[in-house]
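Visitor: I should like to be guided through this structure by question and answer. Please begin once it is in view.

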There are 2 protein chains.
Amino acid sequence: MDKEQLHIMRHSLAHITAAAVRRIWPDAKFGVGPVVDNGFYYDIDLGDTKISEANFPKIEKEIHRIVEYGSSFEKLDMPIDEAIKWAKDNKQPYKEELLNDLKRSGTTAAKDIDASELGLVADGEAVVKDVSFYKNGDFMDLCRGPHVENTKNIGAFKLMRVAGAYWRGKETNPQMQRLYVVAFADQGELDQYLERLEQAKLRDHRRLGRELDIYTTSPLVGVGLPLFTPRGTILRDIMSQYSNQLRIGYGFEKVWTPHITKIDLYKKSGHWDKFGEELFLVTSQETDDKMALKPMNCPHHAQIYAGRPRSYRDLPVRYLETTTDYRDEKTGELGGLDRVRALTQDDSHVFCSPDQVEGEISNLLATARELYGSISMALRVRLSYRDNSDGYLGELALWESAQAQLKAAVIANELDYFEQEGEAAFYGPKIDFMATDAIGREHQVATVQLDFVQPGRFGLQYTDAEGNIQTPLMIHCAILGSIERFLSVFIEHTAGWFPFWAAPEQVRVLTINDTVSDYVSEITTILGSLILNKPVKYNEIRYTVDDRNESLGKKIREATNWKIPVQLIVGQKDKDAREVSVRTQSGEEKVKLDGLADYIKQL
Amino acid sequence: MDKEQLHIMRHSLAHITAAAVRRIWPDAKFGVGPVVDNGFYYDIDLGDTKISEANFPKIEKEIHRIVEYGSSFEKLDMPIDEAIKWAKDNKQPYKEELLNDLKRSGTTAAKDIDASELGLVADGEAVVKDVSFYKNGDFMDLCRGPHVENTKNIGAFKLMRVAGAYWRGKETNPQMQRLYVVAFADQGELDQYLERLEQAKLRDHRRLGRELDIYTTSPLVGVGLPLFTPRGTILRDIMSQYSNQLRIGYGFEKVWTPHITKIDLYKKSGHWDKFGEELFLVTSQETDDKMALKPMNCPHHAQIYAGRPRSYRDLPVRYLETTTDYRDEKTGELGGLDRVRALTQDDSHVFCSPDQVEGEISNLLATARELYGSISMALRVRLSYRDNSDGYLGELALWESAQAQLKAAVIANELDYFEQEGEAAFYGPKIDFMATDAIGREHQVATVQLDFVQPGRFGLQYTDAEGNIQTPLMIHCAILGSIERFLSVFIEHTAGWFPFWAAPEQVRVLTINDTVSDYVSEITTILGSLILNKPVKYNEIRYTVDDRNESLGKKIREATNWKIPVQLIVGQKDKDAREVSVRTQSGEEKVKLDGLADYIKQL
């Protein structure tokens with residue numbers, strides 16, 4: 001089933017769901033019922049009656065009854081005033097409000113509601129004359145269509161949950177009940193989705209973050225500001241180190257900038273006009289300085305570039321900084337690591353001449369490919385170009401050359417890609433990376449952006465081979481993106497079973513009894529002198545010893561709950577044979593002490 | 001000469017200086033002339049006449065004349081009203097103002113002026129009756145004394161500079177001219193001081209910071225917010241890595257916390273009441289959250305400790321974080337790296353039981369000793385104890401035990417120490433480290449502080465061996481302190497000639513001509529595979545090649561200006577002999593290519 005058909009099917013099911021609800025609660029007043037990812041929702045006002053999950057079987061039964069009855073969807077056109085009268089007569093004040101808005105202005109006015117989704121046939125005309133309704137069985141609803149022919153053709157569905165939602169999203173409006181329903185072409189697809197949802201729940205990084213002691217939160221510190229424990233900090237550090245190491249190999253150098261700045265910096269860069277309202281403002285009590293927490297690092301890095309005169313021989317200048325940016329997100333949108341107010345970026349900026357773009361981009365693509373490849377995530381990129389509209393800054397020839405260089409670099413790196421016009425930033429074209437996780441979800445991760453604008457705004461310069469003053473280009477790139485968000489993806493992708501080199505605790509030695517302590521010392525001496533160099537350099541083995549007076553079963557259970565990739569079980573027999581039992585996710589095997597170091601190195 | 005005698009001598013010289021100034025400018029009106037470090041200053045109002053360095057020889061000549069004449073200092077007591085009349089008659093409005101203040105309130109009212117320094121005999125009496133004057137030759141000044149017996153005994157001095165200063169430090173008051181004079185017991189000490197000053201000027205980290213491209217500043221970002229270039233970032237990272245590496249050896253684990261928090265955290269910790277006015281406040285435009293930039297990290301770390309239940313088996317819990325704190329310093333006090341608004345601390349916190357204090361302190365002392373020893377800075381520590389006054393929190397027995405443990409750890413570490421009562425923080429005793437630099441200046445660096453208070457305020461707990469709930473102690477420690485301030489000391493201590501392992505650019509290969517490029521590749525292959533492990537682990541050699549078509553002399557000059565510790569000079573003869581000329585600060589020598597790696601490793 002193609003996307004459009006699926007959409008029609010879900011939309012038709014929304015009508016049927018409303019009809020079912022009205023059969024149970026005849027006084028139900030309906031808001032909107034748009035199609036969303038994996039299904040749709042419908043906003044319903046039942047007065048003081050609350051829908052609960054206990055009501056779901058009853059509602060589902062009514063839906064099935066309508067489906068099985070098999071009415072067709074009939075379209076009726078109606079003059080708008082007649083439609084308003086219909087809404088009033090039928091005690092549908094929300095529909096009435098929408099129709100009045102539509103009559104007045106040709107749109108539903110509220111930005112958050114898509115008129116066409118509601119079936120309001122505005123279609124760009126300033127004055128609306130007619131609106132359309134669809135009728136199935138005894139239920140009629142304001143709707144643009146199209147619909148499936150018959151209520152029988154609505155695939156498989158499941159009521160998921162009900163939540164409060166303000167009418168039109170405004171806190172001063174009445175609160176309605178939003179009924180979420182997932183719907184797919186057939187039962188197989190629905191089951192697959194539900195299965196994935198179940199898996200996702202087991203992998204939920206908020207749950208694993210707590211269970212594996214990766215991060216904590218504190219109401220005293222505030223929402224969206226997670227604090228990272230030793231285990232979580234190892235993950236942060238090793239991933240940032242990896243992403244830095246790869247770029248250092250391409251000539252990047254680390255820099256350091258503070259987290260605050262006078263807002264003058266953003267007035268100059270142009271960010272103040274665009275994002276001024278999204279910044280955390282900083283007030284000095286000692287001075288009149290107007291400051292802000294940095295939401296990005298490019299303007300700071302540009303200041304370092306500007307700190308010395310530059311010649312074409314110095315280019316490309318490549319700066320790298322893993323640093324924390326602050327964005328004033330609404331607190332209601334925060335939770336876990338996927339959306340935070342303190343986001344640490346593995347950010348980098350290249351300052352180069354136009355002919356260096358392809359080579360630099362190519363290095364960054366190779367970096368992203370290597371990193372995501374090593375954590376078994378398939379990458380796909382979107383080449384985001386300008387279109388013919390206004391509002392793009394920089395010369396057209398520069399754009400065309402740059403877009404061609406971007407594409408050439410993507411092809412040279414054998415990346416799966418697609419192109420999209422009109423998706424570029426106003427200051428330059430970009431490449432967005434999507435990574436697919438272990439349960440098939442796609443996440444936007446890295447990004448590489450060209451910038452024709454900021455260097456000019458800051459007056460950045462270099463002297464070319466002929467002694468002329470030129471303005472460099474800038475290439476923004478983060479490989480992990482926000483490290484916090486990356487970790488939310490990484491935790492769910494691995495379900496907490498991190499690759500051996502990244503695991504906070506890589507090896508745990510479990511003793512069977514207390515006769516083996518000397519032998520355990522021999523083992524820890526080997527572990528203590530082991531250093532992994534792939535994929536991250538100078539990675540000392542992180543190990544612990546569990547020699548408590550507890551049963552081996554309990555020790556194994558605990559080590560497995562902690563998702564420790566390598567468990568070394570040591571008893572008297574192992575000591576006598578000078579070997580250890582190595583327990584990993586793929587099973588258990590005996591390894592000679594002599595070969596332990598090599599065994600671990602190849603993991 | 002002891003400190004007190006030196007003070008009297010400098011104070012007497014202030015009188016003589018004023019007398020000399022009045023001989024040249026009879027209308028001079030005098031403010032105050034207190035003794036300060038290395039000498040004294042005198043605030044003088046000459047109306048429109050400006051004192052310049054060109055006048056210094058003339059003033060010095062008059063001073064010498066008074067000194068050689070050899071008058072004695074005579075004391076005169078005078079009722080205060082008579083003194084006020086004297087000031088009026090002699091057109092000394094500033095003295096008159098001070099006397100009136102003194103008469104009214106028994107003090108000079110202005111906090112910034114020490115009455116006793118002025119010779120005003122308030123001495124705690126509410127009403128002042130008499131004041132004393134000292135007369136030498138034809139000059140008389142309000143003064144408490146004591147003085148040297150005769151103007152002949154004033155040692156050696158030098159007029160240094162003159163600067164504007166508002167009367168009593170208030171911008172709305174008249175601006176006076178502040179004449180700075182340095183004075184020592186004899187010419188030898190003065191010369192030594194001037195020589196050190198000259199050396200300090202050559203080592204000035206602001207100058208070297210620019211010349212060696214260590215950091216930059218930007219008016220768009222703001223004062224007190226330096227930005228670190230690649231070279232400066234290497235210095236930051238390697239020193240932080242070193243200080244972390246030593247503590248990780250003692251079981252510390254890295255954590256990560258955001259730079260902002262709700263102020264609730266500081267209300268709970270008690271910092272809000274004490275330091276609330278020194279914080280940068282953070283305003284959310286999306287929410288009503290009241291937030292601040294963190295000025296220290298202990299409350300954040302305490303939240304991580306609080307994130308899980310803890311048992312005595314888990315103690316000591318040791319957290320380590322190199323992170324940036326923000327303090328709202330007055331902008332006038334900012335400049336260079338010694339005082340900044342963004343200060344990065346190599347901070348750590350131990351949570352432990354009372355009997356673990358000595359062992360933990362001992363590890364931290366060993367860390368500081370090793371780090372400062374390896375950069376050739378002698379350490380001396382102050383043991384800061386409580387006295388018998390009120391205002392210290394925590395039980396007396398705990399204090400006494402803790403102070404004894406601190407001292408035992410200092411002695412066990414063979415540190416040069418002195419003890420000072422009344423210097424403890426209100427929450428616990430501490431150890432402050434002073435490091436002496438290459439030109440004999442002492443800088444306060446690391447600190448180790450015990451804290452009996454914060455764990456209780458945050459309700460931190462652990463279960464002891466008997467199953468009882470206990471409150472842990474906290475040990476705060478930074479080894480470098482503020483990394484920015486440490487770097488200001490480190491740059492001036494080394495004059496930019498950093499130890500080999502820390503130098504941003506360690507090795508530069510200088511070619512004599514272009515016939516040696518293959519041979520240079522052989523050399524860089526050796527350098528590229530070299531890793532230093534002392535004192536900082538996994539330290540890859542940072543090298544460059546200067547193969548420009550320039551004279552060797554120019555190349556050496558440039559490499560030396562960059563203070564690159566190892567310069568490898570390579571010509572055809574070196575290639576033929578398979579050796580290199582190694583140029584370091586201690587001279588030049590030939591080293592066989594085969595032995596180059598070992599040669600560099602032992603540097």
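Visitor: How many of the residues of helix 10 (residues 298–306) of chain A are buried?

Guide: The model is a predicted one. A residue counts as buried when its relative accessible area is under 20%. The buried residues of helix 10 of chain A include A:Cys298, A:His300, A:His301 and A:Tyr305. The helix is largely enclosed by the rest of the structure, because the buried residues number 8 of the 9.

Visitor: What confidence does the predictor give chain A, and over which residues is the pLDDT below 50?

Guide: The mean pLDDT of chain A is 91, and 96% of its residues reach 70 or more. One stretch falls below 50, although it has 45 contacts in the model beyond near neighbours in sequence. Where pLDDT is low, the predicted coordinates should not be read in detail. The stretch in question is residues 108–127 of chain A.

Visitor: How are the two copies related?

Guide: For the complex, the predictor gives an ipTM of 0.86 and a pTM of 0.85. A turn of 180° with a shift of 0.1 Å along the axis lays chain A on chain B, with an RMSD of 0.4 Å. The two copies are therefore related as by a two-fold rotation axis.

Visitor: Which residue of chain A comes closest to the rotation axis?

Guide: The same surface serves both copies, since 100% of the contact residues of chain A recur in chain B. Of the residues of chain A, the one that comes closest to the axis has its C-alpha at 2.2 Å, and this is A:Val282.

Visitor: Which residue in strand 16 of chain A stands opposite A:Glu321?

Guide: Strand 15 (residues 317–326) of chain A is mostly covered, with 9 of its 10 residues buried. It is joined in parallel by 2 bridges to strand 11 (residues 253–254) of chain A, where A:Lys254 has A:Leu320 as its bridge partner. With strand 16 (residues 342–352) of chain A, strand 15 of chain A pairs in the antiparallel sense over 10 bridges. In that pairing, the residue opposite A:Glu321 is A:Asp347.

Visitor: Is the crossing of helix 15 and helix 18 of chain A left-handed or right-handed?

Guide: Helix 15 (residues 517–528) and helix 18 (residues 593–601) of chain A pack at about 35°, and their axes lie 10 Å apart. Among the residues that meet are A:Tyr519 and A:Ile523 from helix 15 of chain A, and A:Leu596 and A:Ile600 from helix 18 of chain A. The crossing is right-handed.

Visitor: Which strands of chain B stand at the edges of the open sheet in the order 4-5-6?

Guide: This sheet has 3 strands in antiparallel pairing, and its twist averages 30° from one strand to the next. Strand 4 of chain B is joined to strand 5 (residues 130–136) of chain B by 7 bridges, and B:Glu74 stands opposite B:Lys135 in strand 5 of chain B. Each edge strand has a single partner, so one side of it is left without a neighbour in the sheet. These edge strands are strand 4 (73–79) and strand 6 (139–142) of chain B.

Visitor: Which helix of chain B packs on the sheet in the order 27-24-28-29-30?

Guide: The 5 strands of this open sheet have mixed pairing, with strand 27 (543–546) and strand 30 (587–592) of chain B as the edges. The twist averages 25° from one strand to the next. The packed helix touches strand 28, strand 29 and strand 30 of chain B, and its direction makes about 125° with that of strand 30; it is helix 18 (residues 593–601) of chain B.

How values were computed: Residues are numbered from 1 along each chain as its sequence is written. Chains are lettered from A and ligands numbered from 1 in the order in which they are written. This is a predicted model: local features need pLDDT of at least 70, side-chain atom pairs count only at pLDDT 80 or more; totals for chains, interfaces and linings use all residues. Side-chain values use heavy atoms; hydrogens and water are left out. Two strands pair if DSSP finds at least two bridges between them. Helices (H or I, at least four residues) and strands (E, at least two) are DSSP runs, numbered from the N terminus. Axes are lines fitted to C-alpha atoms, for helices over the stretch in contact, and angles run from 0 to 180 degrees between N-to-C directions. Contact means heavy atoms within 4.5 Å. pLDDT is the predictor's confidence in each residue, from 0 to 100. Copies are superposed by least squares on the C-alpha atoms of residues with pLDDT of at least 70 in both. Buried means under 20% relative accessible area, exposed over 50%, partly exposed in between (1.4 Å probe, protein chains only). A crossing is left-handed if the near helix is turned anticlockwise from the far one by less than a right angle, and right-handed if clockwise.
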